[in-house]
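Biologist: Could you walk me through this one, please? I would like to go site by site.

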Amino acid sequence: MNLRSRATTLLIWLFLAALAAVSVWSVLPPSPRGADAPADEFSAERAFADVERVGTEVHPHGTAANDAVREYLVDRLTGLGLEPEVVDGVGMSGRLGDQSRVAATQNVVATVPGADPTAPVFLVAHYDSAEVSYGGNDDGAGVATILETVRALGEGPALRNDVVVVLTDAEEACLCGAEAFVDADPRAADGGVVVNFEARGSAGPAVMFETSDGNAALVDAYASVPYPVGSSLAVEVYRILPNDTDFSPFLDDPAGRFTGLNAAYIDGSATYHSPLDVPERMSLASLQHHGSNALALVRTLGDADAAALAAPSATDATYFPLPGGILARYPGWLVWPLALAALGAVAALAVLVVRRRGGGHDDGGTRTAGPARLVLGFLAGVLPLAGAVLGAMGLWALMVTVRPGYDEMLDPWQPWGFRVALLGIVALVVTGWFVGLRRWLGAPALVVGALGWLAVLGVALAALAPGGSYLAALPALAGAAAGIVALRLESGRWRALAVALGAAVGVVLLAPITVLFFPALGLETGAAPAVVAVLLGLALVPALALSVPERGRSGGWLVGACALVAAGALGVGFAVDSFDAEHPEPSRLAYALDADTGEAVWVSTESTPSDWTARYVDAREDRSAQFPPMGSGAWFGAAEAADLPAPTVAVVDDVTSGDERTVTLRVRPGEGEIGTAGALRYIELNSAAQPDAVLAASVAGREVPVDDDGILDTRFYAPDGDGFEVTLTVRGGEGLDLRVVAAGGGLEGLPGFTERPDGVGVGGSHSSELVLVATTVVL
Ligand SMILES: [Zn+2]
């Protein structure tokens with residue numbers, strides 16, 4: 001390799017690296033604006049004042065602290081010139097398999113009247129927190145985003161449409177506030193466009209990650225925001241995940257009255273649902289990102305024909321961020337033509353590579369290959385894909401071996417060292433594959449193999465997850481087109497330019513998605529970002545082929561450098577991230593008392609008990625019949641029985657007609673407190689002991705599902721002393737065994753419990769710090 005081609009190589013990689021940096025930078029949150037920002041703009045500093053108030057106390061649904069947050073929100077909305085209403089309702093969620101969850105809810109709803117309304121725009125966030133969480137981010141961020149947005153809207157002329165603020169209750173319990181709104185609120189009756197704001201962590205870009213079906217028109221509206229960060233891939237991924245937010249009840253509306261968008265920031269997930277989700281841990285940049293986008297989006301939707309937007313578009317759009325605050329998008333009908341074009345382009349490149357050999361262009365195998373080699377090159381292309389997945393799994397296994405506490409987290413507290421290590425591993429896999437196989441198969445076969453896999457994945461995704469097809473198909477198309485051009489060029493410099501431009505498409509599309517994908521499933525599922533990163537690696541293979549000479553040592557040096565980056569970043573990851581008082585190791589512990597037998601147990605849902613938890617639990621058991629809320633795979637250990645009140649069930653009415661018996665029950669908490677949380681979390685009723693007995697059921701007036709085995713599994717959240725009414729239809733002439741479990745929160749004061757030491761914290765979950773009291777009732 002002469003000096004000039006070395007300089008060209010260096011330029012190519014500098015260009016691609018700069019492009020990657022710009023592409024990634026463009027999806028990062030903007031700088032937070034101060035309280036002195038112009039009044040018609042969104043200021044994170046102004047909004048943060050609301051975050052601090054919402055996140056002052058742990059405030060799950062049903063607690064006095066949640067009541068205080070609600071009162072604060074009513075005052076704030078009144079202060080903004082609106083007439084907020086606290087709407088009493090009963091919400092029911094049947095989304096959790098066949099379990100049903102019911103709660104009495106108090107949503108705070110207020111309307112900003114439009115000048116000439118077409119249909120309402122609903123701004124939704126939940127004001128309750130998870131059980132042990134302050135809810136500073138989740139969902140203080142969403143609530144504060146809406147309040148500051150509404151304030152800024154008031155500085156301009158009225159929008160065309162009504163903007164309806166819906167601050168929901170009991171999201172963490174059961175999405176019940178949103179469901180109650182959809183089910184019964186008159187303002188929801190005619191449907192409209194929903195925008196939901198969430199936070200599943202404390203940092204990172206505010207990503208628009210979920211849409212209603214037929215999203216093309218709404219994605220067009222979203223493109224008007226100043227910092228659009230969203231990818232149609234995320235929509236596809238989220239559709240297959242079991243996660244839910246308040247957006248779900250709107251999408252599940254049987255009448256299909258709603259369309260909408262869902263945005264959240266999701267990095268910094270170590271605080272999620274834990275007592276460390278406090279306002280001070282919020283990234284103000286993330287709040288600014290949420291807010292700047294929210295305000296622009298509401299202005300767009302507020303002046304649009306919202307009635308038209310409230311009906312699904314004919315197709316989903318493919319969309320992705322480009323540098324410069326651009327959201328590129330094209331209609332769904334283009335997905336297949338582009339995927340097939342990519343496949344065709346790679347095939348054409350392959351034919352050209354083979355033909356050149358026949359045409360006397362054989363230049364020692366650097367630009368030609370026979371058909372057999374091409375086939376081998378394609379088959380070999382699966383190796384980096386598999387290697388990246390195995391590498392990501394190996395990385396997580398190593399991390400958990402060194403720090404077992406990571407097993408209870410999606411991501412460590414400071415994940416960036418490990419993320420760079422994962423990128424290093426992927427780079428090592430791709431360069432190792434290329435350098436290792438090149439001498440056997442030649443560069444052209446590997447280039448065609450790499451681009452071939454991208455093209456095939458583009459087609460596979462077009463069939464399975466069309467919104468993600470662009471990530472593979474477009475880099476394949478660009479790479480193959482560039483390759484075809486490059487093969488016809490004699491000048492090395494022009495050839496390099498063509499290859500660099502082809503690879504640039506892959507960099508612009510894949511680099512930001514790799515970074516955005518890291519927090520989505522966490523390093524626990526690092527295989528997901530590793531796959532996106534390896535697609536980028538495959539798109540860069542033509543540039544590798546151009547810059548790594550066949551002879552000489554530079555290939556080995558490159559592979560060594562990647563290994564060094566991976567190892568160095570791993571070391572930095574472990575050094576930077578460790579468990580301490582500020583960043584505790586998560587632990588999960590609960591307590592359960594069988595009021596019928598007097599047996600008490602400690603329970604943990606950790607996958608392997610940590611040192612602290614192992615003081616309490618020692619055996620994995622299936623006690624789902626005794627304590628249904630703990631499922632079948634928890635860890636248990638003997639505990640001293642505490643004097644805790646069991647729930648009571650009184651028969652209010654019992655009528656048998658024909659072969660059906662209808663029993664009306666009043667379920668009440670027992671006399672006295674369970675746990676220190678100040679309110680019961682829920683009372684659960686489970687009929688698993690007697691399948692097929694229950695034919696139908698309703699709780700607090702809402703009909704609830706009974707599963708295919710005729711088992712009722714239902715919960716009523718935060719009952720007051722008066723309890724709630726349940727009506728069961730059972731087979732006539734039969735009794736009924738019901739397991740009834742009251743759940744409180746807070747382990748302090750239970751016999752044998754000692755406070756966690758510094759460095760051990762409460763892991764975010766809905767099952768930690770639970771105190772259960774279970775009893776069987778025979779009707
Ligand atoms: Zn939330």
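What follows is a short talk about a few places in the chain.

Modeller: Happy to help! Keep in mind that this is a predicted model, where local features need pLDDT of at least 70, side-chain atom pairs count only at pLDDT 80 or more, and totals for chains, interfaces and linings use all residues. Residues are numbered from 1 along each chain as its sequence is written, and side-chain values use heavy atoms, with hydrogens and water left out.

Biologist: Which protein atoms are the donors of the zinc ion, and how far from it do they lie?

Modeller: Donors are N, O and S atoms within 2.8 Å of the metal (3.2 Å for Na, K and Ca), and sites may look incomplete because water is not among the atoms. Here His 126 gives NE2, Asp 138 gives OD, and Glu 198 is listed with OE twice. Their distances from the zinc ion are 1.8 to 2.5 Å.

Biologist: Is the site of the zinc ion tetrahedral or irregular?

Modeller: Four donors count as tetrahedral if all angles lie between 85 and 135 degrees; four count as square planar and six as octahedral if opposite donors are over 155 degrees apart and all others between 65 and 115; anything else is irregular. The angles among the 4 donor atoms run from 53 to 140°. The site of the zinc ion is therefore irregular.

Biologist: Is His 126 buried or exposed?

Modeller: Buried means under 20% relative accessible area, exposed over 50%, and partly exposed in between (1.4 Å probe, protein chains only). His 126 has a relative accessible area of 1%, so it is buried.

Biologist: Which residue is joined to Asp 139 by a cis peptide bond?

Modeller: Asp 139 lies in the loop between strand 3 and helix 4 (140-153); helices (H or I, at least four residues) and strands (E, at least two) are DSSP runs, numbered from the N terminus. Omega of the cis bond is about 10°, and the partner is Asp 138.

Biologist: What is the phi of Leu 175?

Modeller: Leu 175 sits in the loop between helix 5 (171-174) and helix 6 (176-184). Its relative accessible area is 8%, so Leu 175 is buried. Although Leu 175 is not a glycine, its phi is positive, at about 60°.

Biologist: Where is Met 630, and is it buried or exposed?

Modeller: Met 630 is placed in the loop between strand 13 (619-620) and strand 14 (635-639). With 6% relative accessibility, Met 630 counts as buried.
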